[in-house]
Amino acid sequence: MSLHFLHIVEWGSYLVLNRLVQRESVWVCLSVYLWAGAELTWAHAKVWHLYNDHFRPFQGGQVSIALSSHWIKPQTMTEQDIQECQKSLDFVLGWFAKPIFIDGDYPESMKSNLSSLLPEFSDAEKKYIKGTADFFALSFGATLSFQLLDSQMKFHQLESLSLRQLLYWISCEYNKPKIFIVENSWFVSGSTKRDDAKYIYYLKKFIMETLKAIRYDEVDVFGYTVWSLMDGFEWHRGYSIRRGLFYVDFQSHDKKFLPKSSALFYQKLIERNGFPPLPENQPIDGRFPCDFAWGIVDNYIQVDTTPTQFLDTNVYMWDVHHTKKLIKVDGVATPKRKHHCVDFAAIRLQISLLQEIHVTHFHFSLKWSLILPLGNLSQINHTFLHYYQCFVSELLRVNITPVVALWQPMAENQGLPVVLAKYGAWENPETVQAFVEYAKLCFKSLGHHVKFWITMNEPYVGNLTYSAGHNLLKAHAKAWHLYDKEFRRFQKGKISIALQADWVEPACPFSKNDQEVADRVLEFDIGWLAEPIFGNGDYPHVMREWLHQRNSIDLYNFHLPYFSEEEKKLIQGSFDFLALSHYTTILVDWEKEDALKYDHYLQVQMIKDITWLNSPSRAAVVPWGLRKMLKWVKSKYGDVPVYITANGIDDDQNMVQDKLRVYYIQNYINEALKGFLINIYPQSSFTYYLNISLFVFCSHPLLFLYQGFRVPGIHFNVFRRCISINL
């Protein structure tokens, strides 16, 4: 490299330029910067010619100049904002790049804005400067970031970390040069030590974007360099940030260099020469077992009790000539008839959609507050209860098995009758008995049609206190035993609880601390309600141990209740299957990096892999998380029959071509398929044996329900095709 760190000059001139309007006295200072830039360009050209004329024939090397840049995108897609972005890049990168790579002269935007202040090159000088680089050496990252500088330097446009877009712009702007990324990184907090997960995902993003630029945009990038080898003094930011692959304790005497997780990540990446597809994450061809059940879940069905017109006993005439309306004929009526389920028009519409997809199961939740408005049997809404009876009977008529949840948390009164919500909800032990009475009514009224019951559907632990969770578990267990003793023998159904089970992955794959954090979060998120039922009858040991530790050092008292021996016996084993809903995967780190996303209670930092695909609500699409979650369930609870009762993601509501949801369905279902073909599935009848016939698995199908079918879209057809292929 002839010259590096030209951003010091770039910064100065850039800052001065944006304050020209406010302070005319800076003209002299700006002039000095611009002349310094011209001298640097001329010095570089002389060095290049020196090497080209006297050393290249014998040494065979290459010479260039390292140029720093940012990337900026328009605030709005107007011509003015686009020109401002072009000017922003011209004043930083084009200042040196255009004379060297194009025509020996400055960008037009600089010449028109700076008039006589900008030095002029003679024709001979232009010819001498032009072409004095054997490749384009690019520096991109925090060195030239505007995040901590004057906001005016953005020209009122938006800063972006898109290295791929910058590479493509350079390729188009400077005649497709060979590009060597000689410096690239971002920064993390100075308090971050060796498990620098955030830095890893910045690094992953930049390198992945470089690969995309090469493969998809045909940009000629031939090298990549990370900045920097070790932590150091970062100019005006001092020691407040870190960018090294090796950790340095600046307070220690010997200043040893210790490799960070990012160094191990970069080492592995170099060994693999990029991101080769991992065999376990590749799609697999095959079919599910012969009795595999396919379904759809809708949290609450549309309950529309408006009667059909055919129940009206009155006779009407149509006034064709005048009012164009129906006129009731007095004194004339038709005989009354019994109500039939087909009289509810809304039911037929919903079931017709389900039939179109060829599903075998449909999962929905009852509304406790609709059936028992007062929370007890003193007032039963028989109209709504009859509606639910009709709905499940009509499902069976078209060979669709109903999977019915008794309670689902919701924003309004936690999904409870108003009276129960008012007097403490699940915090109140009386809610337990109220739930049992409600469950008994539902078993009596609907049990002849419903063979799959869910007591509690996805209780959200984030909003659940320990005492509320305690009562909820007892309510579930009592409802299960009620069904087992009084209804199972005649109705021959199954009953369990459905828990949300998103996967939790260590942010640093090389960190034992991150693995411990991930294990802890899994126990608090899933094990809290699962362990008493599917495990030993009590809360996870990790929870009790952690809360005991926190209570000893914090001002707060996190009290996790204890079960009596009788309650343990009541709760343990109160299941016929394990129902799980799975939507996404989260990353966790033990290092505190971002205070807004740090959970002080569990001492865990939530991290985003910025290369992951995300939904509009920022839910990450990570198909392999489903397989890992199922494997974890198997290791924790053994051969428990597992039903995936909800799996889905939001998509842009304005897009008819819901490509994201299509991708989600295809890949998550494929991960479920791998459970049969390449993994050990968490169910005794699905235990995997190499090359064994799938017909062995027919006795206990796994239920896979996809969430969110309201209006048929592209995903509607994809899901139907998946089902049809497997039939």
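1. In which helix is Y388 found? In this predicted model, Y388 belongs to helix 12, which covers residues 382-397. With a relative accessible area of 1%, Y388 is buried. Leaving aside residues up to four places away in sequence, Y388 touches I301, V303, F364, S365, L366, K367, L370, I371 and L446. A further landmark for a reader finding the way around is I347, which stands 41 residues from Y388 along the chain, while the C-alpha atoms of the two are separated by 9.5 Å.

2. For the overall picture, the protein has 727 residues, of which buried residues make up 53%. Its secondary structure comes to 22 helices and 26 strands. Among the contacts with a separation of 6 or more, 75% are accounted for by residues 24 or more positions apart.

3. The largest nonpolar core deserves attention next, and it holds 177 residues. The members that touch the most other members are F136, F364, L366, W368, W426, F435 and W453. Helix 17, residues 512-534, supplies the largest share of this core, with 11 residues. Apart from this core lies another, of eight residues, which includes V403, I454, A498 and A579. As general background, nonpolar side chains in soluble globular proteins tend to be buried together.

4. F136 may be looked at individually, and its partners, not counting residues up to four places away in sequence, are S64, L67, L93, A97, F101, I170, Y174, P177, K178, I179 and F180. Two of the names in that list, L93 and I170, come back in the next point, where L93 is among the helix 4 residues and I170 among the helix 7 residues that meet one another.

5. Helix 4 (residues 79-103) and helix 7 (residues 163-173) pack with their axes 11 Å apart and at an angle of about 45°. Because of that angle, helix 4 is oblique to helix 7. The crossing in which helix 4 passes helix 7 is right-handed. On the helix 4 side the meeting residues are Q86, L89, D90, L93 and I102, and on the helix 7 side they are W169, I170 and E173.

6. Helix 7 also packs with helix 8 (residues 197-215), here at an angle of about 35° and with the axes 8 Å apart. Helix 7 passes helix 8 in a right-handed crossing as well. The contact is made by L163, R164 and L167 from helix 7, together with F206, E209, T210, K212 and A213 from helix 8.

7. Two residues other than glycine call for a check of their backbone angles. K176 has a phi near 50°, a positive value in a residue that is not a glycine, and its place is the loop between helix 7 and strand 5 (179-185). A425, likewise not a glycine, has a positive phi of about 50° and is found in the loop between helix 13 (418-422) and helix 14 (430-446). As to burial, K176 is exposed, with a relative accessible area of 58%, whereas A425 counts as buried at 1% relative accessibility.

8. The peptide bond from W227 to S228 is another backbone feature to look at, since it is cis, and its omega is near 5°. S228 is located in the loop between strand 7 (221-226) and strand 8 (241-242).

9. Helix 20 runs over residues 624-637, has 14 residues, and reaches 20 Å from its first C-alpha to its last, close to the 20 Å expected at 1.5 Å a residue. Its buried residues are W624, G625, L626, R627, M629, L630, W632, V633 and Y637. Just after helix 20 comes G638, which takes a positive phi of about 70°.

10. Finally, D484 lies in helix 15 (residues 466-486) and is partly exposed, with a relative accessible area of 32%. S574 is 90 residues away from D484 along the chain, and the C-alpha atoms of this pair are separated by 9.2 Å.

Notes. Residues numbered from 1 in each chain as written. Predicted model: local features only at pLDDT ≥ 70, side-chain atom pairs only at ≥ 80, totals over all residues. Heavy atoms only, no water. Helix = DSSP H or I, 4+ residues; strand = E, 2+ residues; numbered from the N terminus. Expected span 1.5 Å × (residues − 1). Buried < 20%, exposed > 50% of the residue type's maximum accessible area, 1.4 Å probe, protein only. Core = buried A, V, L, I, M, F, W, Y, C linked by side-chain atoms within 4.5 Å. Contact = heavy atoms within 4.5 Å. Axes fitted to C-alpha atoms, helices over the stretch in contact; angles between N-to-C directions. Parallel < 35°, antiparallel > 145°, perpendicular 65-115°, else oblique. Left-handed = near helix turned anticlockwise from the far one by under 90°.
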